[in-house]
Amino acid sequence: MDRIFRRSQGLEGVQFVDHRISSLIFADEVVLLAPSSLDLQHALGCFAAECEAAGMRVSASKSEAMVLDRKKVACTLQVGGEVLPQVEEFKYLGVLFMSEGRMDREIDRWIGAAAAVMRSMYWSVVVKKELSRKAKLSIYQSIYVPTLNYGHEL
């Protein structure tokens with residue numbers, strides 16, 4: 001997969017601070033990023049061509065398109081002659097992305113997960129007199145804080 005990405009990378013991507021990010025890759029999950037639908041179609045075509053050269057193919061039935069914008073924008077992407085469905089939201093590595101860029105549902109999920117952790121930790125950690133304040137703080141920082149910040153433990 002690394003070879004496919006190295007060979008299919010072009011100038012597409014989005015600027016994030018001082019880095020240009022063209023894709024996110026984890027196992028068999030791939031997210032292609034581009035500043036316009038034309039650039040994204042080009043990146044998708046290059047990626048699909050490199051996959052074909054390696055004996056693999058991009059499955060249109062398992063792929064989706066999403067535009068991050070405050071207003072609804074249509075983006076018709078094709079792979080192998082099939083049009084990819086456009087979605088308003090999707091989960092990538094457990095994080096919910098919404099097309100208008102809002103995070104309220106994801107933040108609510110993080111707060112709910114943190115509350116559940118605190119409930120479960122209360123009787124086993126917080127009220128235990130046998131545990132020192134330092135041990136309680138260490139448990140709090142290693143379990144509760146990452147759950148509140150990321151929606152799960154690190």
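The expected span of a helix is 1.5 Å times one less than its number of residues. Keep that rule at hand for the first close-up, and remember throughout that this is a predicted model.

**Figure 1. Helix α2, from end to end.** Helix α2 covers residues 37–53, which makes 17 residues. At 1.5 Å a residue, the helix should span 24 Å, and its end C-alpha atoms are indeed 24 Å apart, so the expected and computed lengths agree. Just after α2 comes Gly55, a residue with a positive phi near 85 degrees.

**Figure 2. The buried and exposed residues of helix α2.** Which residues of α2 are buried? They are Leu40, Ala43, Leu44, Phe47, Ala48, Glu50 and Cys51. Seen down the axis of α2, these buried residues fall within an arc of 160 degrees, so they line one face of the helix. A handy rule helps here: an α-helix has 3.6 residues a turn, so residues three or four places apart point the same way. On the other side of α2, you can find the exposed residues Leu38, Glu52 and Ala53.

**Figure 3. A salt bridge between a helix and a strand.** Side chains of opposite charge can pair when their charged atoms come close. Here Arg105 and Glu89 form a salt bridge, and their closest N and O atoms are 2.7 Å apart. Where do the two partners sit? Arg105 belongs to helix α3 (residues 104–126) and Glu89 to strand β7 (residues 89–92), so the pair links distant parts of the chain, 16 residues apart. Arg105 is partly exposed, with a relative accessible area of 42%. Glu89 is partly exposed as well, at 32%.

**Figure 4. A salt bridge within helix α3.** The count of salt bridges comes to two, and this view shows the one between Arg109 and Glu106. The closest N and O atoms of this pair are 2.7 Å apart. Arg109 and Glu106 are three residues apart in helix α3, which means that about one helical turn separates them. Is Glu106 buried or exposed? Glu106 has a relative accessible area of 2%, so it counts as buried. Its partner Arg109 is partly exposed, at 30%.

**Figure 5. Val95 and Glu106 in one view.** Val95 lies in strand β8 (residues 95–98). This residue is partly exposed, because its relative accessible area is 24% and buried means under 20%. Eleven residues separate Val95 and Glu106 in sequence, and their C-alpha atoms are 7.1 Å apart in space. Glu106 is the buried residue from the previous close-up.

**Figure 6. A nonpolar patch on the surface.** Four residues make up this patch: Met103, Ile107, Ile111 and Leu148. Together they have about 310 Å² of accessible area. Leu148 is part of helix α4 (residues 133–150). On its own, Leu148 has a relative accessible area of 34%, so it is partly exposed.

**Figure 7. Two serines in a loop.** Ser59 is placed in the loop between α2 and β5 (78–79), and Ser61 is in the loop between α2 and β5 too. A polar contact of 3.0 Å joins their side chains. How do the two serines compare in exposure? Ser59 counts as buried, because its relative accessibility is 18% and the cut-off for buried is under 20%. Ser61, at 69%, counts as exposed. Ser61 can also be set beside Glu82: the two are 21 residues apart in sequence, and 8.7 Å lies between their C-alpha atoms.

**Figure 8. Pairs to find across the model.** Pro85 is in the loop between β6 (82–83) and β7, and its relative accessibility of 43% makes it partly exposed. From Pro85 to Pro35 there are 50 residues in sequence and 19 Å in space, C-alpha to C-alpha. Phe26 lies in strand β3 (residues 23–26) and is partly exposed, at 49% relative accessibility. How many residues apart in sequence are Phe26 and Gly55? They are 29 residues apart, with 20 Å between their C-alpha atoms. You have already met Gly55, the residue with positive phi that follows α2.

Key
Residues numbered from 1 in each chain as written. Predicted model: local features only at pLDDT ≥ 70, side-chain atom pairs only at ≥ 80, totals over all residues. Heavy atoms only, no water. Salt bridge = Lys/Arg side-chain N within 4 Å of Asp/Glu carboxyl O. Helix = DSSP H or I, 4+ residues; strand = E, 2+ residues; numbered from the N terminus. Buried < 20%, exposed > 50% of the residue type's maximum accessible area, 1.4 Å probe, protein only. Arc of directions from axis to C-beta. Patch = residues over 30% accessible without salt bridge, like charges linked within 9 Å, V, L, I, M, F, W, Y side chains within 5 Å. Areas by Shrake-Rupley, 256 points an atom, 1.4 Å probe, with all protein chains shown as cover. Polar contact = N/O pair within 3.5 Å; in protein donor to acceptor, adjacent residues only side chain to side chain.
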